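Work through the exercises below with the sequence and the model open beside you. Try each task before you read its solution.

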Amino acid sequence: MSSLAEAYSWINLRYLLQGLLVTIEVSVISIILSFILGSILGIIRYIRFPFVSAIVGFIIDLIRNLPLLLLLFFTYFGLPQVGIKMDPLTAAIAAMTVFESAMIAEIVRSGIQAVDLGQMEGARSVGMTYWQGLRVIVLPQAMKKMIPPLVSQFISLIKDTSLATIIVLPELLYRAQIIYGQNTRYMVPMFIALAVMYFVVCYALSLVASGLERRTN
Amino acid sequence: MINVFTQHWQELLVGFGNTLLCSVIALFFSLIIGSTFAIFEVLPYKLLHIIGRIYIEVFRNIPLLVIGMFFYIVVPQFIVTLDGFTAGTIGLTLYTSSFIAETVRAGIQAVDDGQMEGARANGLTFMQAMWHIILPQAFRYVIPPLGNQFINLVKNSSVLAFVAGFDLMYQGDTIASTTFDTFNTYIVVGILYLIITLPLSYYMRYLEKKLA
Amino acid sequence: MKKLKALLVLTGMLLLTLTLSACSAESTQQNALKRSQANNTLTWGVKADTRLFGLMDIKSGTIKGFDIDMGKEITKRVLGKKGHAKFVQVTSKTRIPLLKNGNIDAIIATMTITPDRAKVVDFSKVYFAAGQSLLVKKGSPIKDVRDLNKDGMTVLAVKGSTSAVNIQKYAPKAKVLELEDYAQAFTALKSGQGDAMTTDNGILFGIASENPSYHVVGGAFTNEPYGIAVDKQQTQLKNKIDQAIAEMRKDGTYEHLLQKWFGGIAGFDLKEASQQ
């Protein structure tokens, strides 16, 4: 029992919570960036600009089908060889954003496609331009369909920040390892703390999302 | 790039094989576990429903890396020694099964309620109706999303690198950190992953279109 | 700023992943000595999981150890009394990329001087003479490296370290598992993932001092001279560092630091470690 109290001393907890802050910081920035970039890419892919959309689509497919861990390694260890250099925080944000944008682009594309084509025809027949129809009629409906997959993507993103421990980003998992590395009796308490902290953040997000969904319906 | 492959093809091939192997094993078991919990969720028993919910939420909201490391360094101290490959594959199975449970549940619920009623009216028990009538139809709905789960599984198996699981990522990582040729090594590793995932991904899109 | 940088980098990365061609890096390195003099700060890559050399003090959030004290002292001698030493955490795998990235000016992180590494970085003179050894649970039948050279034996090492390469030479029959860092390797040993852990003796003594049921066996079976690494072409900085080390050896500061960290460690040979 005493070792449990020691493991959860304020000193250790504070150290972990600072890590949780880094985790949240990386997550929030990556979510915002990848939502913007992913939406743009998804729309480009849906609209089928000649040539551009095909290339964008292929790049998205390549990135989507690679492990995030590989992209993270590549960004941090590989790119410096061709002159692109980043610190761990920037590298983590960059790799997560590239990966998640590709995932989100796919969600956005299929979300738009799921909206009935008739809707666009209807919009055109009442005199709207293609862009007006897309913006006023199609996108808002697609948005509703996209919320659940987007939220689970964001939850994945939060969990995936733990991979950045490998490039020595001092986030939650890295700090837990530092603590139990110094005193292996803290191993179990640290794993419990990790599970609880990640769970609370991710589950809270999914609760907020389902609340949001109910309100929009 | 060619150099990386010609000099290290043996290690890379071992890694490629292990990545495939652990993905297939994890897919098999997570299908069984995931479907079981999905059925828990649609059965009219409150307790099973709660158990299913807890299982799914727990494994969906904790990073795979944390789960995998738990089996690699915590479990062996108290229960049984697991090597990196086994620990990683167990972690992968539990993590993926929670997603598969969600997918299968959605599939079951997509099957029309009238089907169950009809089957019951014809004298089938609930479990018989589930097994013979509902599940076969549900699986038709869930094949494309399950395919995507398998692609995720292959990608996620890269966390085996962290627990010395001798998968593709681990092998690539050791080559990169001894040759210092990180750029080319990671590209070769990436191509090897794409060989598995890209065709699968295009096939799933084709299936989705065909079934829609 | 960081967000902006990330965004800019994104566009470049997308293109790069496509082209798949490896053009070699152009050398746009500035003079590290001049830069650190201008900022009055020298940035060091250090270990944070290695007792005695560089270990995170969770209470204060700072890293402490022999490498840190050396780094502080050398900084003062290179930049002057008011010079500021900044410490960035690295692992064996991440330190060379970080140096090449320009995130750190020098590495002082239990790094052995080897011909392979000397191709990519420049080393100072030796500041600590370590040797590779083994850590096992007390009561283990393994007495030295020859006991490991059997089928079914598993050794734990750290990715990117010389010991991971050496052990395959000394015990070719043993299976080697490479983990991310020392903390991971030791927790793996504790969890029964291997029969022994191998790395340099100084590091192993540090682990054993905190975990009395484990001990170092077999003595050193390799020579691992530690050097401070700077990027290629940073000769000016390297010379300044060499000069500082020589001064420290002469005026007793070096001896004092060695005594401070390793004086109380049973079985540790100070004389051997201070060899040049």
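**Exercise 1. Describe the transmembrane spans and the domain that UniProt lists for chain B.**

Step 1. Over residues 61–79 of chain B the chain is 79% helix and 0% strand, with the end C-alpha atoms 24 Å apart; helices (H or I, at least four residues) and strands (E, at least two) are DSSP runs, numbered from the N terminus. This is a predicted model, in which local features need pLDDT of at least 70 and side-chain atom pairs count only at pLDDT 80 or more, while totals for chains, interfaces and linings use all residues. Residues are numbered from 1 along each chain as its sequence is written, chains are lettered from A and ligands numbered from 1 in the order in which they are written, and side-chain values use heavy atoms, with hydrogens and water left out.

Step 2. The span just described is one of those that the unreviewed UniProt entry annotates as "transmembrane region", namely residues 12–40, 61–79 and 183–203 of chain B; UniProt positions are given in the numbering used here, feature names are shortened, and annotations may be inferred rather than shown by experiment.

Step 3. Residues 12–40 of chain B are 100% helix and 0% strand, and their end C-alpha atoms lie 41 Å apart.

Step 4. UniProt also lists "domain: ABC transmembrane type-1" (unreviewed entry) for residues 16–204 of chain B, a span that is 84% helix and 0% strand, with end C-alpha atoms 22 Å apart.

**Exercise 2. Set out the elements of chain A and of chain B, and report the confidence of chain A.**

Step 1. Chain A has nine helices and zero strands, whereas the secondary structure of chain B comes to eight helices and zero strands.

Step 2. The C-alpha atoms of chain A fill a box of roughly 75 × 45 × 20 Å along the principal axes, and those of chain B fill one of roughly 70 × 45 × 25 Å, also taken along the principal axes.

Step 3. Chain A averages a pLDDT of 89, and 99% of its residues score at least 70, where pLDDT is the predictor's confidence in each residue, from 0 to 100. Among the elements of chain A, helix α1 (residues 2–7) has the lowest mean pLDDT, 76, and helix α2 (residues 10–47) the highest, 93.

**Exercise 3. How do the axes of helix α4 of chain A and helix α8 of chain B cross, and which residues make the contact?**

Step 1. The axes of α4 (residues 68–78) of chain A and α8 (residues 182–211) of chain B come within 9 Å and cross at roughly 165°; axes are lines fitted to C-alpha atoms, for helices over the stretch in contact, and angles run from 0 to 180 degrees between N-to-C directions.

Step 2. α4(A) and α8(B) are therefore roughly antiparallel to each other, the word used for angles over 145 degrees.

Step 3. The contact (heavy atoms within 4.5 Å) is made by L70(A), F73(A), F74(A), F77(A) and G78(A) of α4(A), together with T182(B), F183(B), Y186(B), I187(B), V189(B) and G190(B) of α8(B).

**Exercise 4. Where are F166(B) and Q233(C) found?**

Step 1. F166(B) is found in the loop between α6 (126–156) and α7 (168–179) of chain B, and Q233(C) in the loop between β15 (229–231) and α10 (235–251) of chain C.

Step 2. F166(B) has a positive phi of about 55° although it is not a glycine, and phi of Q233(C), likewise a residue other than glycine, is positive and near 75°.

Notes: Parallel < 35°, antiparallel > 145°, perpendicular 65-115°, else oblique.
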